[in-house]
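Colleague: Could you take me through this model, starting with how its strands are arranged and ending with its cysteines?

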Amino acid sequence: MTDWTGETDEGQRNPIADATRLVHANSSSGRAAGLLNPPVHRASTIIYNTVEDYLDRHRHIYDGVIYGLYGTETNHALAEAIAELEHGFRTVLTSSGTAAITLSLSAFLSAGDHLLVIDTVYRSTRRFCDEVLAGFGIEISYFPPEIGADIATLIRPNTRMVFLETPGSLTFELADIRAITNVTRARGIVTALDNTWASPMLFKPIDHGVDISIASATKYLSGHSDVMLGAMTGATEDIYRRLKDAAARWGSAASPDDCYLVQRGLRTLDVRLERHQRNALALAAWFENQPEVRKVLYPALPNHPGHALWQRDFSGASGLFGVLLDPMSNTERSAFFNGLQLFKLGSSWGGFESLMVPAWPAPARSCGEAEEGALIRVHAGLEFTSDLVRDLDEAFGRLRVCRSDEVMLRSLRAGA
Ligand SMILES: *Cc1c(COP(=O)(O)O)cnc(C)c1O
């Protein structure tokens, strides 16, 4: 822990706000050199002054600089900033958010173990479970996000781990994390939670009993759509060491340059999220007023089924939400999306720009029925709100023209 954080001798945190911590986060050599930012230390080889130090190096694998694979001071500065934000023991940085997910699972599972996974998990997580872990002899069951304390009924003698994500990927259901971890903790089952949507600024899984909090730093933590990086934070030293060992055994490294960029992104995380939320709320309200919209899937809306849980557990909402529209023909979809000016068609949200893509959650779900309609995923970026609304207004205009053309064509054909 750094000296400025105001931790008392008893290890209690004083009430310095997250935003303030992130503005002041640095490395010890950055501070010593009078720099506001941690220097970028690129390295593979680390050299030692004495043969004794060299032979002793592995004692420092969990917190020192001993080999490039395990990170330099630049990595450690970022890891420390994220760990403080997460209220965790320490953070392991990985080459991507996906690597943080696969390494968290690999750290605790072996052949014969049973893994419980929330059904609304990110698609790549599900594919790793079904295509890789299953092949390694791990049993996997999916459970619906509303399970709560009933997760107890799914636990088998060999259940080793529960993997969570909230809100659900693409469909934004909220899970009662505390109800689940009350059950898992009593039985020594490890929980990991993909917290990419909220980022540790808006939700702190470890405070809710989760053992491993995962973030794709590619998204909000970096915030500028130019970096791939992941973070897995252990609640305890024991969990942290298992994560660090897994990253070492599987050979996952995080580039110091990318760590620097994410550290730079963290400075503005709080102000960016405020704007993302403000834009998302405005756009969500606008969508709700369109006759073609069946439902807006955004936990910050009072009519969202998970709103009460969101209010209980989260300190805000990010900029990502879903909109369920009346079913769209392919022609209507092209009319709607292809004329967009400001909203870009792309996957990796969490950056400064607004994005909009069609989405199909159903093929990656095994519990519950898919809702009928055309789902789109919206990321509200940092643009000026009314510019975004104008772009959407034009898209709905194109959709309506296309729809009335199709109706006219159908009636012409029927008449002919
Ligand atoms: C993007 C994303 C990931 C994967 O992160 P990458 O850094 O792109 O590998 C994992 N989980 C969620 C919820 C995501 O949105």
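**Strands, sheet and cysteines**

Modeller: Gladly, and please keep in mind that this is a predicted model. One place to begin is a pair of strands, for 6 bridges join β9 (residues 320–325) to β11, and the two run antiparallel.

Colleague: Which residue of β11 is the bridge partner of leucine 324?

Modeller: Strand β9 covers residues 320–325 and is joined to β11 in antiparallel fashion. Within β11, the bridge partner of leucine 324 is leucine 375.

Colleague: How many bridges join strand β10 to β11?

Modeller: Strand β10 spans residues 355–359 and runs antiparallel to β11. One pairing has methionine 356 with valine 378 of β11 as its bridge partner. The number of bridges that join β10 to β11 is 5.

Colleague: How many of the 6 residues of β11 are buried?

Modeller: On one side of the strand, Ala374, Ile376 and Val378 are buried, and on the other side Leu375, Arg377 and His379 are buried as well, so that both faces are covered, taking buried to mean under 20% relative accessible area. For β11, residues 374–379, the number of buried residues is therefore 6 of 6.

Colleague: Which strands stand at the edges of the open sheet of 7 strands?

Modeller: The order in this open sheet is β1-β7-β6-β5-β4-β2-β3, with mixed pairing. The two edge strands each have a single partner strand, so one side of each is left without a neighbour in the sheet, and these strands are β1 (90–94) and β3 (139–143).

Colleague: By how many degrees are neighbouring strands of this sheet turned against each other on average?

Modeller: With direction ignored, the average turn between neighbouring strands of the sheet is 20 degrees.

Colleague: Which strands does helix α4 touch where it packs on the sheet?

Modeller: Helix α4, residues 73–86, packs on the sheet with its direction at about 125 degrees to that of β1. The strands that the helix touches are β1, β6 and β7 (230–234).

Colleague: Which residue of β6 stands opposite aspartate 194?

Modeller: Strand β5 (residues 190–194) and strand β6 (residues 212–216) run parallel and are joined by 3 bridges. Opposite aspartate 194, in β6, stands isoleucine 214.

Colleague: Why is cysteine 129 not in a disulfide?

Modeller: A disulfide is a covalent bond between the sulfur atoms of two cysteines. Cysteine 129 counts as buried at 0% relative accessibility, but the closest cysteine sulfur, in cysteine 367, is too far for a bond, the cut-off being 2.5 Å and the distance 13 Å.

Colleague: What does the count of disulfides come to?

Modeller: With two sulfur atoms required to lie within 2.5 Å, the count of disulfides comes to 0.

Methods:
Residues numbered from 1 in each chain as written. Predicted model: local features only at pLDDT ≥ 70, side-chain atom pairs only at ≥ 80, totals over all residues. Heavy atoms only, no water. Buried < 20%, exposed > 50% of the residue type's maximum accessible area, 1.4 Å probe, protein only. Helix = DSSP H or I, 4+ residues; strand = E, 2+ residues; numbered from the N terminus. Pairing = 2+ DSSP bridges. Axes fitted to C-alpha atoms, helices over the stretch in contact; angles between N-to-C directions. Contact = heavy atoms within 4.5 Å.
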